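Let's take a walk through this model together. Have a look at the fold and its open spaces before reading on.

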Amino acid sequence: MLVLAWAGAVLAQSPAAGPTGKPAPGEFERATGKTPGTAPTTAPALSSPVPVGAGTVMSSGSGAGYHSPNSPIAPLPQRNDVVPWSVLSDLTKKTTKDGILPVFSEVQKGMDKTVQRIQGFMMPLDAKATQTHFLLTSVPLTCSFCLPGGPESMVEVKAKTPVRYSLEPVVVEGKFTVLTNDQYGLYYRVVDAVPVK
């Protein structure tokens, strides 16, 4: 057994490219003009459906998110009777021992405990055709081309009457609340919500 191990070691050190499949010394360099183990001088360019600058939304986990024009799902239609996501996402955050907390603007504080209309894409929390507890988001979570925003890009909804799940945008109206230190990290909630056409 020892003799076989010694013979294998001798064959592995031989300069000829025998049955081991190893190239002769210098063969790689002559064939490719490169030294083994060196990185290529230029990396291949990768394409992305995300526009330049939109990646900051994902990395920071803030803002209203980004809805790509490549999405097969249409973006939110313009409506004057709903709170714009730009108003909800215009806030700052502070880090405390309890976590990252929102610092609401005067406009957002003024909306607290008032009846508001919110438009967004449904994120169901139950596997049912109708939902009484769900999240509304500024961008569709079923869109592979879209970048989600942070907690300011979603509103928790507790509906008074069930809302039929849809991939299309929905509008709900209810009592709007700003959440200063929610246990789930949410910033906004609408209760007693009803669907609006």
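For sorting residues by class, Ala, Val, Leu, Ile, Met, Phe, Trp, Tyr, Cys and Pro count as nonpolar, Asp, Glu, Lys and Arg as charged, and the others, Gly among them, as polar. What you see is a predicted model, where local features need pLDDT of at least 70 and side-chain atom pairs count only at pLDDT 80 or more, while totals for chains, interfaces and linings use all residues. Residues are numbered from 1 along each chain as its sequence is written, and side-chain values use heavy atoms, with hydrogens and water left out.

Let's begin with the barrel. Its 5 strands close in the order S3-S4-S5-S7-S6, with mixed pairing. From one strand to the next, the twist averages 45° (angles run from 0 to 180 degrees between N-to-C directions, with axes as lines fitted to C-alpha atoms). Strands here are DSSP runs of E with at least two residues, and helices are runs of H or I with at least four, numbered from the N terminus; two strands pair if DSSP finds at least two bridges between them. Strand S3 (residues 114-124) and strand S4 (residues 130-137) are antiparallel partners over 4 bridges. Along this pairing, Pro 124 stands opposite Phe 134 in S4.

Next, the open spaces. On a 1 Å grid over the protein atoms alone, a pocket is an open set of points where a 1.4 Å probe fits, with protein on both sides within 12 Å along at least five of seven lines, and its lining residues have an atom within 4 Å of a point. The largest pocket holds about 330 Å³ of space (the volume filled by probe spheres set on the points, which are joined across faces, edges and corners). Its lining has 18 residues, with Leu 76, Gln 78, Pro 84, Trp 85 and Gln 119 nearest the centre. Helix H4 (residues 85-89) gives the largest share of that lining, 3 residues.

The second largest pocket offers about 170 Å³. Among its lining residues are Arg 79, Val 171 and Lys 197, and the lining divides into 6 nonpolar, 1 polar and 2 charged residues. Strands S6 (170-178) and S7 (188-196) each supply at least two of these residues.

Finally, meet Val 82, in the loop between helix H3 (55-60) and H4. Its relative accessibility is 10%, so Val 82 counts as buried (under 20% relative accessible area, with a 1.4 Å probe and protein chains only). Beyond its neighbours within four places in sequence, Val 82 is in contact with Arg 117, Gln 119 and Val 171 (heavy atoms within 4.5 Å).

Conventions:
Buried means under 20% relative accessible area, exposed over 50%, partly exposed in between (1.4 Å probe, protein chains only).
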